[in-house]
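This report describes selected features of a structural model, from its overall make-up to single residues. The sequence and the structure come before the discussion.

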Amino acid sequence: MKDKMDKSEIRAVLSVYRPGDPETEDPRLQQAKAAAAADPELAQWWAEHQEFDRIISSKLQSGEVPAGLRSRLSAWEKRTVQRSNWNRGFLLAAASIIALAVLFGSWRGPFQPAPSLAEYRDELVSFVKLDPPLELRSSEIVRLTEFLQKNGAPSQLDIPRGLRRLDPAGCRTLRFRGQDVALICFKREDGELVHLFAVKRGALPRLGLKRETPEFAAQGDWMTAAWGGDDYAYLVAGKGDRASLEKYFGTS
Amino acid sequence: MVHVADVEFERLVEDFYMPLYRFGLSLSRKESEAADLTQHTFLTWAVKGHQLRDPAKVKTWLFTTLYRQFLAEKRRAAHFVETEEETEFVEPPHFSPSVANAIDANIVQKALLNLEDRYRAPVTLFYMQQHSYREIAEILEIPLGTVMSRISRGKAEMRRSLDDLTTIEARKIVSLTNEGQNG
């Protein structure tokens, strides 16, 4: 290290100085700080440099985070916390609760009440509000259903005629309250995706879906349609209004 | 003593999902990948977080996990291997705060994403203002001197990029104004 720094070197050293950071309290930085304190031009430069950093920092931290991310994490949170608690010895306590519930006749089977259609819809739509990571990308529906079958998810799907006319983008499997859910994403005419979910009807008895008649419900600027098939409960979700989904069911 | 297992998962998500997403975005340059990296980080925490003994290390642990996942997924580790010790700082070009204040946040984001990989990660962590230099060195697993040098060089590079981008934007505005006047 040279004993005396020129102004360019002082500016270079000051550019990494962070007030309060112990790593920037070394002699070289102290020397640069002292030089800036004694030189109005350097002091002015340094003040502007710090102001610039503050502005850039503020602008970078104002960048948008996708609206669906927090919901997606919440959806995972419930499952992962539950799982990690089990891993950490929660098993014994849970077993005791179940034993007591069975003893007093209040045990209804699953670990929590069967979910409602609204809960099912909210959780799955929050997952696809950000384009979901697909496990298989293919425009061939046969390849997608083969993949779903191989992975234990619903695969013998009764896909509405309007959706079948669209090119698939891909598929993946999901878990909802311990049940396998199949997700197939289709490419809409406007470049957006429309998502079809399917889960075994018996797995979610409270869904209460009528057969063949889609039940539409908005969620923010998204629209959903849910209905019951012979074996599966279906849910379609896409950005837009009711008409944007109705066309796939031939009801408009 | 507060045990790490006592750190409430939900609060952890609330406190860190946004900075983690922004760090993921700066690394991957893709929103969907940044979201996946963030999600993966919390999943890893749910499974392995209880192994961490010191609650003060939670923040660094989360950022390190996200960074390692990014390297693992992208197999970009080779790009980050140290070939030489970098310890020199550089004088950044002058950039007026009043001009910086007028720049759209998207342009600033673009200037950050334009940086070379080796500068982008430390500069992002620097501007998040959540990490000391030592923590940045731990997260990126590079020497402290290298972190400071890369931040110095990265910040200088970012100013040059901002200068270029604002010039391009200004030209577009002039061009549109002229078209409007001619049309």
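In which loop of chain B does Glu141(B) lie? Glu141(B) belongs to the loop between H8 and helix H9 (144–182) of chain B. Helices (H or I, at least four residues) and strands (E, at least two) are DSSP runs, numbered from the N terminus.

The model is predicted, so local features need pLDDT of at least 70 and side-chain atom pairs count only at pLDDT 80 or more, whereas totals for chains, interfaces and linings use all residues. Residues are numbered from 1 along each chain as its sequence is written, and chains are lettered from A and ligands numbered from 1 in the order in which they are written.

**Two loop residues and helix H7 of chain B**

Although Glu141(B) is not a glycine, its phi is positive, at about 55°. A positive phi, near 60°, is also found in Gln129(B), a residue other than glycine. Exposure is judged by C-beta atoms placed from the backbone: a residue is buried if 20 or more others lie within 10 Å of its own, exposed if 12 or fewer, and partly exposed in between. The table sets out the two residues.

| Residue | Loop in chain B | Phi | C-beta neighbours inside 10 Å | Class |
|---|---|---|---|---|
| Gln129(B) | between H7 and helix H8 (133–140) | near 60° | 14 neighbours | partly exposed |
| Glu141(B) | between H8 and helix H9 (144–182) | about 55° | 12 neighbours | exposed |

Gln129(B) comes just after H7(B). Helix H7 (residues 117–128) of chain B has 12 residues and should span 16 Å at 1.5 Å a residue, which agrees with the 17 Å between its end C-alpha atoms. The expected span is 1.5 Å times one less than the number of residues. H7(B) is mostly covered, with nine of its 12 residues buried; among them are Tyr119(B), Pro122(B), Leu125(B) and Phe126(B).

**Chain A**

Chain A contains eight helices and seven strands. Of its 252 residues, 30% count as buried. Two residues are in contact if their C-beta atoms, placed from the backbone, lie within 7 Å. Among contacts in chain A between residues at least 6 apart in sequence, those joining residues at least 24 apart make up 55%.

Helix H1 (residues 7–14) and helix H3 (residues 40–61) of chain A pack at an angle of about 30°, and their axes are 11 Å apart. Because angles under 35 degrees count as roughly parallel, H1(A) and H3(A) are therefore roughly parallel to each other. On the side of H1(A), the contact is made by Lys7(A), Ile10(A), Arg11(A) and Leu14(A), and on the side of H3(A) by Leu42(A), Trp45(A), Trp46(A) and His49(A). By class, this contact has five nonpolar, one polar and two charged residues. Ala, Val, Leu, Ile, Met, Phe, Trp, Tyr, Cys and Pro count as nonpolar, Asp, Glu, Lys and Arg as charged, and the others, Gly among them, as polar.

Glu123(A) is placed in helix H5 (residues 117–128) of chain A. With 19 other C-beta atoms within 10 Å, Glu123(A) is partly exposed. Its C-alpha atom is separated by 7.7 Å from that of Arg72(A), 51 residues apart along the chain.

**Contact between the chains**

The contact of the two chains takes 36 residues from chain A and 42 residues from chain B. On the side of chain A that touches chain B, the elements giving two or more residues are H1, H3 and helix H4 (67–103). H4(A) provides the largest share of that side, 11 residues. By class, the side of chain A has 15 nonpolar, nine polar and 12 charged residues.

Key:
Axes are lines fitted to C-alpha atoms, for helices over the stretch in contact, and angles run from 0 to 180 degrees between N-to-C directions. Angles under 35 degrees count as roughly parallel, over 145 as roughly antiparallel, 65 to 115 as roughly perpendicular and the rest as oblique.
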